[in-house]
Structures are given as structure tokens and as C-alpha cells.
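Biologist: I'd like a close look at one part of this model, the helix packing. Could you take me through it slowly, and then carry on to whatever sits beyond it?

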Amino acid sequence: MDKLRITGGRTLKGEVTISGAKNAALPEMCAALLTDEPVRLLNVPRLHDVATMRRLLNNMGVKTETHGERGGMSFQAADPIQPEAPYELVKTMRASVLALGPLLARFGHAKVSLPGGCAIGSRPVDQHIKGLQAMGAEIVVEHGYMVARLPQGRSRLHGARIATDMVTVTGTENFLMAAALAEGETLLENAAQEPEIPDLCEMLIAMGAKIEGHGTSRIHIQGVERLHGCTHQVVADRIEAGTFLCAVAATGGDVVLRHANAHHLDAVIDKLLEAGAEIEAGAEAAGAFIRIRSTGRLKAQSFRTTEYPGFPTDMQAQFMALNCIAEGTAKVTETIFENRFMHVNELVRLGARIQTDGKVAVVEGIDRLSGATVMATDLRASASLVIAGLVAEGQTVVDRIYHLDRGYDQMEEKLRGIGADIVRFK
Ligand code: EPU
């Protein structure tokens with residue numbers, strides 16, 4: 001199993017190019033199931049989760065190809081397609097549930113494994129099932145699989161008003177893809193507004209879908225009979241950008257993030273500014289950028305994770321690492337997932353002072369962390385341990401970094417490029 005060895009204490013300087021967003025690429029790969037024509041994505045990040053999704057699609061009979069340097073990947077879901085997602089693949093990546101909506105909408109039946117347990121919370125898919133049932137699907141859970149089909153005599157899902165009990169990102173994405181090919185109009189109330197949602201909608205619109213209101217909590221979809229191929233560029237990964245911002249804020253330094261959209265990170269940037277970092281953002285010929293400068297010790301910041309545009313749960317662990325060495329005490333409240341503090345015990349091994357009580361972690365900033373061996377437990381927890389390692393005195397070894405490889409595109413190369421002392425070893 002690969003590990004990372006980090007020698008802390010270096011300030012970071014230079015430029016990093018942000019990759020395409022994992023959480024946009026995964027649904028967009030599934031959207032290729034909606035047509036038999038070729039679909040081409042650009043800026044697809046090089047990640048394990050993307051490789052898993054590609055395997056899942058290949059397993060159904062989708063032809064895929066990579067092209068070019070800049071993350072080009074094409075897909076063709078021409079018949080025959082076997083509309084099934086087996087447990088062996090789904091268990092390693094929950095986002096496989098995103099195949100359910102498009103398969104059902106195009107083929108009228110689908111069999112997708114239930115994802116099972118997850119480190120950060122129970123993460124049920126009841127809302128996905130309820131929403132697709134409202135569109136006319138018959139779904140039963142048997143032998144660990146969601147088996148979905150249309151009633152006898154029907155060839156398409158029908159439009160519906162879907163108001164989910166909570167905001168769900170992949171749920172909204174499943175409904176959007178299903179509604180794009182359904183008969184009639186669908187209204188999504190309480191829709192997720194994360195930037196990956198409007199990005200998926202732009203792609204679906206380029207395929208011929210009729211969608212309005214994306215980027216708000218009410219989305220209208222007028223179903224069409226057929227969708228066609230398209231070329232679409234995956235939006236920049238706001239969580240990767242936010243992770244680098246926290247890393248530089250913690251170590252000190254001066255770094256420009258290329259292809260990073262500051263507007264998608266408003267809640268995180270506001271906290272970094274309050275903490276005392278200097279941030280400027282804008283657009284130039286090469287695209288959007290964010291520059292961060294940080295000197296001296298920053299002030300600890302309390303925050304509460306909420307749906308977009310609030311503070312993202314996917315940035316909670318990384319910002320907590322920053323709070324560990326900031327001045328003062330901060331209260332971090334996690335409201336999205338019930339078990340997303342697994343990095344806390346590992347940060348404590350590095351000397352951090354953190355007390356948790358249910359959804360709340362109280363972090364008392366200290367002068368310095370001290371390097372140790374720590375264990376990554378999930379994707380964003382791994383990123384927080386890397387940040388902690390970058391500021392800790394001496395050497396930190398982060399074990400089980402396969403979690404990191406699921407969702408960060410060449411993180412250690414990018415960090416080395418801006419001056420970090422970080423190496424991968426077995
Ligand atoms: N929920 C239910 N029932 C459902 C769906 C969701 O109870 O049917 C609950 C979840 O258990 C959770 C809350 O609703 O408590 C929100 O979950 P959501 O459905 O929005 O999460 P997700 O779609 O499974 C995506 C990202 C996550 C990110 C969350 C929240 C993808 C592939 N994954 O998950 O990303 O944390 O939204 O923003 O888009 C990550 O990248 O590290 C990651 C975990």
C-alpha cells in the first residue's frame with residue numbers, strides 16, 4: 001500500500017493547475033448512457049474514481065477512449081448495453097448509483113447494486129428511489145440490488161414534481177438525467193445547487209435536453225424523446241482548489257491556482273480572509289485564477305457545513321487542519337454527514353487539541369504540530385492529514401493514501417511543484 005512521507009515546515013510558492021472536478025466528471029460520464037451517439041468530455045481528472053466509473057461503463061458495453069493530454073475521454077453507449085451495475089464495482093464507489101437514472105430513462109430497466117456502508121455516514125439512497133418512483137418507475141430491492149423497470153405498456157418515464165426530504169447532490173443528478181428523457185415536465189424542488197449541478201445541466205442541454213432554473217433550488221426539465229452526442233468541458237474542481245488554499249494558508253507562502261473559480265468557493269474564501277490570508281481572484285487570458293498569500297499565524301475560524309452555497313462538507317477536514325495551528329479556538333459543526341470527524345483522532349496523534357461531541361468539534365489552536373505516522377480514513381480526511389503533515393515539525397507518514405488517489409489528481413506532484421517536501425513510497 002502506498003504511503004506519503006512529508007517533511008513539514010516548507011512554505012509554498014508558485015503555481016498549481018487545478019484539474020476537472022471529480023464530482024462533475026462522474027455524473028457526466030453517466031450522462032453518456034443517455035444517447036447512442038459519441039459523447040466527448042474534456043478536462044477529465046486522472047483519478048481512481050474516474051477509472052472505476054470507466055470500468056463500470058465498459059462492463060455495461062459502453063466503448064470508451066482517452067485522447068490528448070488535457071483529460072479528453074470519449075464514450076459511446078451504442079446497443080447492445082447491459083443496464084447493470086454489479087456490487088463488485090459499486091461497493092468501491094458510491095457514485096455508481098448515478099447510473100440508475102440514465103439507464104432507466106433510456107432502456108426502461110436497470111439493475112444497480114445498493115452501495116452498502118460508507119466511512120463518513122450511512123448515506124442511504126431512499127430519495128433516489130422515491131424520486132424515480134414518482135416518475136413512474138417500479139423499483140424493488142432484492143438480493144442487494146435496486147431492480148427498476150417501467151410498468152407494462154410504458155416505454156418512458158413520465159415527468160413529476162419531486163421534492164426531496166433533504167438536498168441531495170447525486171439524487172438531483174439522477175433526477176435530471178432521468179427527466180431529460182422522460183415524457184412531459186419534471187419540477188425538481190429543493191434541488192442541489194452545487195456548481196457540479198449546473199455543469200451537468202450545461203452538458204445535458206448541449207445533448208438536446210430542455211432545462212431551466214439550474215443553479216437554483218427549482219429546476220424545470222421538459223423531457224425530450226432523444227438526446228444526441230456532445231463535447232463538454234468538465235468544470236474545475238472547487239474542492240481541490242479549496243484544499244490547496246488551506247494548505248498555503250497553513251504553511252504560509254504565495255501560490256496562484258490556475259483554472260480555479262473563486263466564486264465556487266465563496267464560503268471558504270470568506271473564512272480564509274477572516275483568518276488573515278490575502279486572496280485575490282479574477283480572470284485572464286489563461287482562464288480564472290485565485291492567488292493566495294499567507295504570512296504569520298492565522299486566526300482560527302468557526303464554521304458550520306451546509307449545502308452550497310454554504311461551507312462545503314468536503315472542505316471541513318482540510319479547514320480543521322488549518323484551525324489546529326491557528327491562533328484561538330474554533331467550533332466546527334458538521335451537519336451533512338454523521339460520521340465525518342474520523343480525521344480528528346489522527347490530527348490528535350500529530351498533537352492537535354480537538355474535542356468532539358456529536359456534530360461539533362472544538363479545536364484549540366496550538367503553535368505547532370509534531371510529525372507522526374497517521375492513517376487516512378477517507379478522501380477528504382486524507383487531504384487534511386497531508387495539510388497537517390506540511391506544517392508539522394519533522395516527518396509525517398500518511399498511510400492508506402489510496403483514499404487520496406480516489407479524488408485528487410497528482411496531489412503530491414502538484415505540492416512538490418510549489419516547494420513541498422513530499423514523497424510517495426511503498
Ligand atoms: N441522503 C439521504 N437519502 C438519500 C440521499 C441522501 O438520506 O437518498 C442524505 C445523506 O446521507 C447525507 C445528505 O443526504 O446526509 C446529503 O447527501 P448527498 O446525497 O447530497 O451526498 P452524495 O450525493 O452522496 C455528493 C458528493 C460528496 C459530497 C456530498 C455533499 C458526489 C459523487 N459525491 O455525495 O462528495 O460530500 O455530495 O456535498 O458528488 C467527496 O467528494 O469526498 C464526497 C464525499
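Modeller: Sure, and let's fix the vocabulary before anything else: angles under 35 degrees count as roughly parallel, those over 145 as roughly antiparallel, 65 to 115 as roughly perpendicular, and the rest as oblique. The model is predicted, so to speak of a local feature I need pLDDT of at least 70, and side-chain atom pairs count only at pLDDT 80 or more, while totals for chains, interfaces and linings use all residues. Numbering starts from 1 along each chain as its sequence is written, and side-chain values use heavy atoms, with hydrogens and water left out.

Take H4 (residues 100-107) and H6 (residues 169-180): their axes are 7 Å apart and the packing angle is about 15 degrees. Those axes are lines fitted to C-alpha atoms, for helices over the stretch in contact, and the angles run from 0 to 180 degrees between N-to-C directions. The element names come from DSSP runs numbered from the N terminus, with helices (H or I) of at least four residues and strands (E) of at least two. H4 and H6 are therefore roughly parallel to each other. H4 passes H6 in a right-handed crossing, where right-handed has the near helix turned clockwise from the far one by less than a right angle, and left-handed anticlockwise. On the H4 side, Leu100, Gly101, Pro102 and Ala105 meet Asn174, Met177 and Ala178 of H6; contact here is heavy atoms within 4.5 Å. By class that is five nonpolar, two polar and no charged residues. Nonpolar covers Ala, Val, Leu, Ile, Met, Phe, Trp, Tyr, Cys and Pro, charged covers Asp, Glu, Lys and Arg, and the others, Gly among them, are polar.

Next up, H1 (residues 22-31) packs on H7 (residues 196-206) at about 30 degrees, with axes 9 Å apart, and this crossing is right-handed. H1 brings Asn23, Ala24, Pro27, Glu28 and Ala31, and H7 brings Glu196, Asp199, Leu200, Met203 and Leu204. Sorted by class, that contact has six nonpolar, one polar and three charged residues.

Then there's H8 (residues 238-251) with H10 (residues 316-324), whose axes come within 9 Å and cross at roughly 5 degrees. Ile239, Thr243, Cys246, Ala249 and Ala250 of H8 touch Gln318, Phe319 and Leu322 of H10, giving six nonpolar, two polar and no charged residues.

Going upstream of H10, the loop between strand E18 (303-304) and H10 holds Pro309, and the Tyr308 to Pro309 peptide bond is cis, with omega near 10 degrees. Another cis bond runs from Asp79 to Pro80, with omega near 0 degrees; Pro80 lies in the loop between strands E5 (72-76) and E6 (84-85). For context, most peptide bonds are trans, and most residues other than glycine have a negative phi. Arg123 goes against the phi habit: it isn't a glycine, yet has a positive phi of about 45 degrees. Its loop links strand E7 (109-113) to helix H5 (126-134).

Arg123 also takes us to the ligand, since one of its polar side-chain atoms lies 3.0 Å from a ligand oxygen. A polar side-chain atom of Thr170 is 2.6 Å from a ligand oxygen, and a backbone N or O atom of Gln127 is 2.8 Å from one. In all, 22 residues surround the ligand, the closest being Asp126, Thr168, Thr170, Asp314 and Ile336; a residue gets in if one of its heavy atoms lies within 4 Å.

Technical notes
A polar contact is a pair of N or O atoms within 3.5 Å; within protein, one must be able to donate a hydrogen and the other to accept it, and residues adjacent in sequence count only if both atoms are side-chain atoms.
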